[in-house]
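Me: I'm new to this one and would like a close look at a single part, with its surroundings, before I try anything else. Could you pick a spot and walk me through it in plain words?

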Amino acid sequence: MNIQYIADNSALQDVVNEISKTDEFAIDLEFDRNRYRYGFNMCLMQVYDGNECYVIDPLSGDIDIQNIFPVIEDPDIQKVVFAFGEDLRLFHSMGCFPKNLYDLDAVTSLLNFQPASLTKLIKQVLDIEVNSSSQQSNWFRRPLTDDQLHYAADDVLYLLEFKRELNHIAEEQGILEWIHQENRIFNHLDYSDEDHNNLIKDKDKNDLSVYEWHLYCKLMEFFDEVARSYNKPVYHLAGKKLIQDLAKHPDKAKNWEHTKGIFGRIKNTTFKENLLQAIKQATREANDRNLSKTKKASYNMSKEDYLAMRREQSRINDLKDRLIKPIQNKIAEDFGPHAKSFILPNRLAKEIVAGETELMPDYKIHLLRKYSNELQLDLSEFI
């Protein structure tokens, strides 16, 4: 198979012209998410239309990757993908909203395949060995090696054939409409407002006080801005533990030039002065707000709130066990345990009895009603 490396707008337009004529094409991305550089970045786009495989380089200075976005958003052309969740988030962050996706990961789950990598599933279904040696590559490096190009191409080369085989099985089992319903959900998702850096998490509160937590958050914002300027992930500059320690002991910043485990280019007097200024500002804000230096930042429930939470959890678990678990068991009997885990996982079971479900496809509602009637379970309050 000839792999075409696309690195300029003229060649990209030729690709767009070709795939615009098709009913479907396979697509995949190679990306970096705060591993080698700052942020969530597209490093490669692979497209296979059944005849030609294109490896498109969005990092080339001679290409505008947005030129291919309209055909990716075209609802009349199907895009065959595998486990496309992160890829979709990246597209949305770039202002592209792919339509008519066909995610084969959902198909294998509905067909009761044991969860596995694409490489293993292709071997299992098509008996083809796929290269996986470049999976952990630094996709920012240029020029790309032949091994990287072939690895990237392999992610799309077999998707169309894989889809045909799986659809044949799904048609025999009568679940093609389930697959279509699952894939239509992608058209309604919107991840464009997500924080892809997600630097500050509740679990980071650890034993920090409310006062220290304020300092920590401000310091993380400060280091994030510096990381952006160097085009590096924050942890390449300084680890979270070091920043937490600064929040607890701000005076340690005065000895910054001798601090171990930090990025060499910020180990200087100028950076220290900026850091001290950031700490001074955060400290002033914490004092103005009269934030507690003794109260823990992690929320401690009152005894009454804790007991109420436990009662609610117990109620939901009881409803799940009485009303949903028997249905889960029937789905496992009829469609297999892996299909059950996809169709009605425990997370969804709890959401149903808690009245918190969203975007549940019709076939799942049909199955819930069918099995609840067979098992004489009353789900009328929930579906």
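Reply: Let's start with Ala282, which is in contact with His214, Leu215 and Lys218, not counting its neighbours within four places in sequence. Contact here means heavy atoms within 4.5 Å. Before going on, note that this is a predicted model, in which local features need pLDDT of at least 70, side-chain atom pairs count only at pLDDT 80 or more, and totals for chains, interfaces and linings use all residues. Residues are numbered from 1 along each chain as its sequence is written, and side-chain values use heavy atoms, with hydrogens and water left out.

Ala282 sits in helix H12 (residues 269-288). Helices (H or I, at least four residues) and strands (E, at least two) are DSSP runs, numbered from the N terminus. Ala282 counts as buried because its relative accessibility is 3%; buried means under 20% relative accessible area, exposed over 50%, and partly exposed in between, using a 1.4 Å probe and protein chains only. Ala282 and Leu219 are 63 residues apart in sequence, yet 8.0 Å apart in space, C-alpha to C-alpha.

Now for helix H7, residues 159-173, which deserves the longest look. Its 15 residues, at 1.5 Å a residue, should span 21 Å, and the end C-alpha atoms are indeed 21 Å apart. (The expected span is 1.5 Å times one less than the number of residues.) Buried in H7 are Leu159, Leu160, Phe162, Lys163, Leu166, Asn167 and Ala170. Looking down the axis of H7, these buried residues fall within an arc of 145°, so they line one face of the helix; the arc is taken from the directions from the helix axis to the C-beta atoms. As a rule, an α-helix has 3.6 residues a turn, so residues three or four places apart point the same way. Turn to the face of H7 away from the buried side and you meet the exposed Arg164 and Glu172. After H7 comes Gly174, with a positive phi near 75°.

One of the buried residues of H7 has a charged partner. Lys163, with a relative accessible area of 11%, forms a salt bridge with Glu24, the closest N and O atoms being 2.8 Å apart. Glu24 is in strand S2 (residues 24-33) and Lys163 in helix H7, so the pair ties together parts 139 residues apart in sequence. A salt bridge is a side-chain nitrogen of Lys or Arg within 4 Å of a carboxyl oxygen of Asp or Glu, and the count by this rule comes to 23.

Strand S2 also holds Arg33. Arg33 meets Glu86 in a salt bridge at 2.2 Å, N to O, and Glu86 lies in helix H3 (residues 85-93), 53 residues away from Arg33 in sequence. Both are partly exposed: Arg33 has a relative accessible area of 29%, and Glu86 has 30%. Arg33 and Glu86 belong to a network of salt bridges together with Arg89 and Glu194.

For contrast, try Asp155 in helix H6 (residues 146-157). Asp155 is buried yet has no salt bridge, and the nearest side chain of opposite charge, Arg35, is 13 Å away. (Lys and Arg count as positive, Asp and Glu as negative; His and the chain ends are not counted.) Beyond its neighbours within four places in sequence, Asp155 is in contact with Asp28, Glu30, Gln46 and Leu118.
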